[in-house]
Amino acid sequence: MAFGRSSRKKQYVEPVTLKILVAGGFGVGKTTLVGAVSEIRPLRTEEILSEAGRPVDDLHGVEAKKTTTVAMDFGRITLREDLVLYLFGTPGQDRFWFLWDELAQGALGAVVLADTRRLEDSFAAIDYFERRGIPFTVAVNCFEGAQRFPAESVRGALDLDPEVELVMCDARDRESVKNVLVAVVQHALVLADQSHSTVAP
Amino acid sequence: MSDAAERNQLNGPDGPSRPDESYGSSEPYGSNEPYAAYEPYGAKQDGPTTPDHPHWFDDEAGPVVRPYAMTRGRTSAATRHRLDLIALVVPEPAADDPGRDQTLSPEHVEIVERCFEQPQSIAELAAGLDLPVGVVRVLVGDLVEDELVHVTRPVPPAELPDVSILREVINGLRAL
């Protein structure tokens with residue numbers, strides 16, 4: 001048979017899969033961050049979509065159809081045999097906002113990666129997660145040669161709510177990125193605790 | 001598909017000579033990050049042919065087989081739910097049955113093969129097969145329909161994962 005192997009009555013472990021989004025402006029280091037912790041080389045998945053409307057079975061009026069390809073980075077971290085975390089780098093361009101909705105669905109939380117030289121690039125992402133109530137942490141990627149600013153002034157510049165955590169990180173460094181992810185999940189945990197306040201910890 | 005449609009798809013909306021803008025400007029390819037140097041698999045990517053992957057056709061022409069030809073033009077899956085990017089595809093014992101693959105396309109067979117190695121998410125399959133996520137969704141939908149695979153449901157969006165799972169994630173991350 002074409003499947004090639006003989007009987008494989010293997011019992012598969014079906015892990016719980018979770019996702020964390022990595023957002024931020026163009027060239028801020030999202031792919032680097034994903035690559036620093038992913039056990040697979042950042043894969044790129046592409047979605048061909050029609051901006052003229054998703055159900056495009058109808059090929060009439062093709063003149064107006066615009067096909068565009070969006071690349072998304074993602075990485076995988078197997079925490080345990082039955083627990084797998086996926087990281088998704090969100091497409092940077094504004095015109096792909098609608099894709100974020102799908103990515104954000106069921107996401108555990110998000111990292112907004114920021115560069116102090118171009119803080120305004122992270123506004124859109126922060127705004128998005130705030131409005132949808134997705135727990136997020138701002139991670140300032142400390143580029144070599146970029147001026148360091150105290151966390152408080154970055155916070156002020158981004159107008160962050162007090163409960164949102166802001167951490168300094170080096171997107172190339174595995175330990176540093178792990179800390180960022182822990183911060184995100186901890187923030188999600190605090191929010192989950194608040195909403196299930198009846199459940200004793 | 002009409003000739004006009006074909007041309008439109010091959011060349012992008014902006015005319016024949018311009019490469020797809022989304023390649024030029026999208027971050028993964030344009031930035032100076034380490035992975036930008038890595039040639040992202042396959043022929044349909046930007047730029048001329050690389051020494052590793054000589055191709056007789058022009059990359060800008062797009063894939064030789066239009067992606068949605070593999071789904072016979074369908075853009076949505078037969079399954080009731082839209083498959084999440086992190087939904088895992090797990091083969092059923094029936095997929096091991098000889099002769100089952102007679103009616104399947106090579107892409108279907110490839111998906112089953114990959115998932116036999118280890119259950120894979122929709123996103124991983126799309127990246128591994130170098131197919132758009134939309135195409136993979138349709139193909140996996142067919143396999144679900146045929147009961148050759150089943151798909152795990154990620155945590156529904158309304159109910160965030162429970163606290164104990166979040167704690168396990170934190171512990172798991174720290175232990176990495």
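Angles under 35 degrees count as roughly parallel, over 145 as roughly antiparallel, 65 to 115 as roughly perpendicular, and the rest as oblique. This is a predicted model, in which local features need pLDDT of at least 70, side-chain atom pairs count only at pLDDT 80 or more, and totals for chains, interfaces and linings use all residues. Residues are numbered from 1 along each chain as its sequence is written, while chains are lettered from A and ligands numbered from 1 in the order in which they are written.

**Exercise 1.** Classify the packing of H4(B) and H6(B).

*Solution.* Step one: locate the helices. Helices (H or I, at least four residues) are DSSP runs, numbered from the N terminus. H4 covers residues 106-117 of chain B, and H6 covers residues 133-145 of chain B.

Step two: take the geometry. The axes are 10 Å apart, at an angle of about 75°. Axes are lines fitted to C-alpha atoms, for helices over the stretch in contact, and angles run from 0 to 180 degrees between N-to-C directions.

Step three: classify. H4(B) and H6(B) are therefore roughly perpendicular.

Step four: list the contacts (C-beta atoms, placed from the backbone, within 7 Å). B:Glu107, B:His108, B:Ile111 and B:Val112 of H4(B) meet B:Leu139, B:Val140, B:Asp142 and B:Leu143 of H6(B).

**Exercise 2.** Check the length of helix H7 of chain B, then find its buried side.

*Solution.* Step one: compute the span. The expected value is 1.5 Å times one less than the number of residues. For the 13 residues of H7(B), 163-175, that should be 18 Å; the end C-alpha atoms are 18 Å apart, which agrees.

Step two: sort by burial. A residue is buried if 20 or more other C-beta atoms, placed from the backbone, lie within 10 Å of its own, exposed if 12 or fewer, and partly exposed in between. B:Leu166, B:Val169 and B:Leu173 are buried. They cover an arc (of the directions from the helix axis to the C-beta atoms) of only 55°, so they lie on the same side of H7(B).

Step three: recall the repeat. An α-helix has 3.6 residues a turn, so residues three or four places apart point the same way.

Step four: turn to the other side of H7(B). B:Ser164, B:Arg174 and B:Ala175 are exposed there.

**Exercise 3.** Is B:Asp130 exposed, partly exposed or buried?

*Solution.* Step one: place the residue. B:Asp130 is in the loop between H5 (122-129) and H6 of chain B. B:Asp130 has a positive phi of about 60°, though not a glycine.

Step two: count. B:Asp130 has 17 C-beta neighbours inside 10 Å and therefore counts as partly exposed.

Conventions. Helix = DSSP H or I, 4+ residues; strand = E, 2+ residues; numbered from the N terminus. Contact = placed C-beta atoms within 7 Å.
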